[in-house]
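Reader: I'm new to this one, so could you walk me through it slowly?
Author: Gladly; here it is, and then please ask whatever comes to mind.

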Amino acid sequence: MTDIKQLETELVTKIDAANDLAALEEVRVGALGKKGVVSLQMKSLGKMSPEARKEMGPALNGLKARIGDAIEAKKAALEDAALDAALASEKIDVTLPPRPERLGKIHPVSQVTEEIVAIFSAMGFDVAEGPDIEDDFHNFTALNFPEDHPAREMHDTFFFEPKEDGSRMLLRTHTSPVQIRTMMAQKPPIRIIIPGRTFRCDSDQTHTPMFHQVEGLVIDKQAHMGHLKGTLEAFVKTFFEIDDVKTRFRPHFFPFTEPSAEMDIGYERVGNEIRFGQGDDWMEILGCGMVHPNVLKNCGLDPDEYQGFAWGMGVDRLAMLKYGIPDLRDFFASDARWLEHYGFDPLDPPNLATGLGK
Ligand code: DAH
């Protein structure tokens, strides 16, 4: 019995001394493992006389239980201490200001999209979105492109493999199909802008197979060409941050608007720089017009009750013009140095109160 007392004292001392989980595990294996001291003693019970076993059995079982409990208690204490240490070392001060240089830069396309959204939000427009993969109906037919009309070819469309019924899905060639989706889903008055990706099979210094547009649509009982001009003039003044920008509307053709126009803004080239609001040169920046009655009908709206106007503009092109970026292909080259140079501060999103792009 004195042996057992002594063994217990020794083991308890070792348990107390174990100062990490690995050391404690070693003590456990040495005591209670298959070949541990306590286990070996238990095994020897079989060879004892019945009297000796009667005395030693309960004594050894008690020892085993107490040592097991002591190890468990120590293990819990060590785990608590490890957690406390981790919490202390990983403590973060949530009141610290962020480090802008670690946040990266906002891409000019995202920046300009946000600028456009900020301007039109202030005029009461909502943002609408639609799918990149479209069907022929939304991208062309409902927008009054006649079947086999060359206007469909103009778009250099990426088509998917034909389905069993012969119809082909396509990558939308413009954001105009979202006009259709919106008019079919909600009742006028409608005042939306539609930012999104668009696709055409084209690639050179000013064209990439994927590019970005923002579409605008206003449908109401009284929405006329004067509203269209006023809205777009207000937009370009705010966007380019010049009060005396000159604009002109040139007649044009789009199947989905009648009359249709392209809007130009006046500029002057000084060396490599383009200055808006001065000079005698004109630059086209968007297409627009009054929504064609057929388009309204295709969406279930009565052209005698409703009318409206729409426009579409290239975000990438607006970004190039506003921020003097020479080659469109660089937008999509994933070059971190380019982004460092042309990108924007993520902590300073565009808004009309503090300024658009700085
Ligand atoms: N969808 C035309 C394009 O991609 C742009 C456009 C022109 C959109 C006139 C319009 C519009 O809504 O009225 O070339």
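Author: Before we talk about domains, a word on the term: the domain bounds used here come from an automatic or database domain assignment. Please also keep in mind that this is a predicted model.

Reader: Okay, which domains does the assignment give, and what residues do they cover?
Author: The assignment gives domain 1, covering residues 2-90, and domain 2, covering residues 102-342.

Reader: And how many Å apart do the C-alpha centres of domain 1 and domain 2 lie?
Author: The C-alpha centres of domain 1 and domain 2 lie 77 Å apart.

Reader: What helices and strands does the chain have, and is it compact or spread out?
Author: The chain has 12 helices and 10 strands. Its radius of gyration is 37 Å, whereas the globule rule gives 21 Å for 358 residues, so the chain is more spread out than a compact globule. Taken along the principal axes, the C-alpha atoms fill a box of roughly 115 × 55 × 40 Å.

Reader: How much of the chain is buried, then?
Author: Of the 358 residues in the chain, 40% are buried. As for contacts with a separation of 6 or more, 65% of them are between residues 24 or more positions apart.

Reader: Switching topic, which peptide bonds are cis?
Author: One of them runs from P188 to P189, with omega near 5°, and P189 lies in the loop between helix 8 (177-185) and strand 4 (190-199). Another cis peptide bond joins E258 and P259, with omega about -5°, and here P259 is placed in strand 7, residues 257-270.

Reader: Why would anyone point those out?
Author: They get a mention because most peptide bonds are trans, and in a similar way most residues other than glycine have a negative phi.

Reader: So which residues other than glycine have a positive phi?
Author: Among them are N144, with phi near 70°, and E241, with phi near 55°. N144 lies in the loop between helix 6 (136-139) and helix 7 (150-154), while E241 is found in the loop between helix 9 (225-240) and strand 6 (247-254).

Reader: What is the relative accessible area of E241?
Author: The relative accessible area of E241 is 46%, and since partly exposed runs from 20% to 50%, E241 counts as partly exposed.

Reader: Last one: how many positive and negative side chains are there?
Author: The chain has 40 positive and 58 negative side chains, and the centres of the two sets lie 8 Å apart. The accessible surface of the chain comes to about 20,100 Å², with 53% of that belonging to carbon and sulfur atoms.

Notes:
Residues are numbered from 1 along each chain as its sequence is written. This is a predicted model: local features need pLDDT of at least 70, side-chain atom pairs count only at pLDDT 80 or more; totals for chains, interfaces and linings use all residues. Side-chain values use heavy atoms; hydrogens and water are left out. Helices (H or I, at least four residues) and strands (E, at least two) are DSSP runs, numbered from the N terminus. Buried means under 20% relative accessible area, exposed over 50%, partly exposed in between (1.4 Å probe, protein chains only). The radius of gyration is taken over C-alpha atoms; the globule rule is 2.2 Å times the number of residues to the power 0.38. Contact means heavy atoms within 4.5 Å. Accessible areas come from the Shrake-Rupley method with a 1.4 Å probe; for residues, only the protein chains shown count as cover. Lys and Arg count as positive and Asp and Glu as negative; His and the chain ends are not counted. The place of a charge is taken as NZ of Lys, CZ of Arg, CG of Asp or CD of Glu.
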